[in-house]
Amino acid sequence: MQAYDSTNIFAKILRKEIPATVIHETACSLAFHDAFPKAPLHALVIPKGAYTDLHDFCKNASDTEITDFWHAVDHVITDLNLVESGCRLISNSGANGGQEVPHFHVHICGGTKLGPMLVK
Ligand code: AMP
């Protein structure tokens, strides 16, 4: 597993070195709007801890962080009114997954009928 790179853009957002449009913040998690949305509603949820991807997060985060994170995801889905209409969660991981920012995050996309899950 690659070492955590603390110069990544989400680490900078957590350190408040660059701005983000925050939707929700908890003790262990932060949710904000994606700066380059791929859907009418496109939010990102990240843990505040330094984890590169889902595997790193599940292996090394505490149960408190993991619980906090998934509650934050559900909070954002509720806040954005996506419970009834539905949404898609995506977490890209590593090179084949197309992960651009090496800080674990979940995308929440919605606000329209999304297309097929994968387009090659
Ligand atoms: P991924 O490819 O899964 O690593 O997704 C990274 C996401 O971060 C992309 O959807 C980008 O649009 C988004 N992104 C990049 N820079 C920023 C930023 N400064 N603020 C918010 N979202 C960003």
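In the predicted model, the ligand is surrounded by 19 residues, of which Asp 34, Glu 100, Val 101, His 105 and His 107 are the closest. By residue class, this shell comprises nine nonpolar, seven polar and three charged residues.

Polar contacts to oxygen atoms of the ligand involve several side chains. An N or O atom in the side chain of Asp 34 lies 2.5 Å from an oxygen atom of the ligand. For His 105, the distance between a polar side-chain atom and a ligand oxygen is 2.8 Å, and the corresponding distance for Asn 92 is 2.9 Å. On its own, the ligand has 500 Å² of accessible area, and the protein covers 89% of this.

The site occupied by the ligand is the largest pocket. Helix α1 (9–14) and the strands β2 (29–33) and β3 (41–47) are the elements that give two or more residues to the shell around the ligand. The greatest contribution comes from α1, which supplies three residues.

Aromatic pairing was also examined. A pair of aromatic rings is described by the distance of the centres and the angle of the planes. The model contains six aromatic pairs. One of them is formed by Phe 10 and Phe 32, whose ring centres are 5.5 Å apart and whose planes meet at 75 degrees. With planes over 60 degrees apart counted as edge-to-face, the Phe 10–Phe 32 pair therefore falls in that class. Phe 10 belongs to helix α1 and Phe 32 to strand β2, and the pair links parts of the chain that are distant, at a separation of 22 residues. Both of these elements also contribute to the shell around the ligand.

Definitions and conventions
Residues are numbered from 1 along each chain as its sequence is written. This is a predicted model: local features need pLDDT of at least 70, side-chain atom pairs count only at pLDDT 80 or more; totals for chains, interfaces and linings use all residues. Side-chain values use heavy atoms; hydrogens and water are left out. A residue is near a molecule or strand if one of its heavy atoms lies within 4 Å of it. A polar contact is a pair of N or O atoms within 3.5 Å; within protein, one must be able to donate a hydrogen and the other to accept it, and residues adjacent in sequence count only if both atoms are side-chain atoms. Accessible areas come from the Shrake-Rupley method with a 1.4 Å probe; for residues, only the protein chains shown count as cover. On a 1 Å grid over the protein atoms alone, a cavity is a set of points where a 1.4 Å probe fits but cannot get out, and a pocket is an open set with protein on both sides within 12 Å along at least five of seven lines; lining residues have an atom within 4 Å of a point. A molecule sits in a cavity or pocket if more than half of its atoms lie within 2 Å of its grid points. Helices (H or I, at least four residues) and strands (E, at least two) are DSSP runs, numbered from the N terminus. Ala, Val, Leu, Ile, Met, Phe, Trp, Tyr, Cys and Pro count as nonpolar, Asp, Glu, Lys and Arg as charged, and the others, Gly among them, as polar. Rings of Phe, Tyr and Trp (its six-membered ring) pair if their centres lie within 6.5 Å; planes under 30 degrees apart count as stacked, over 60 as edge-to-face and the rest as tilted.
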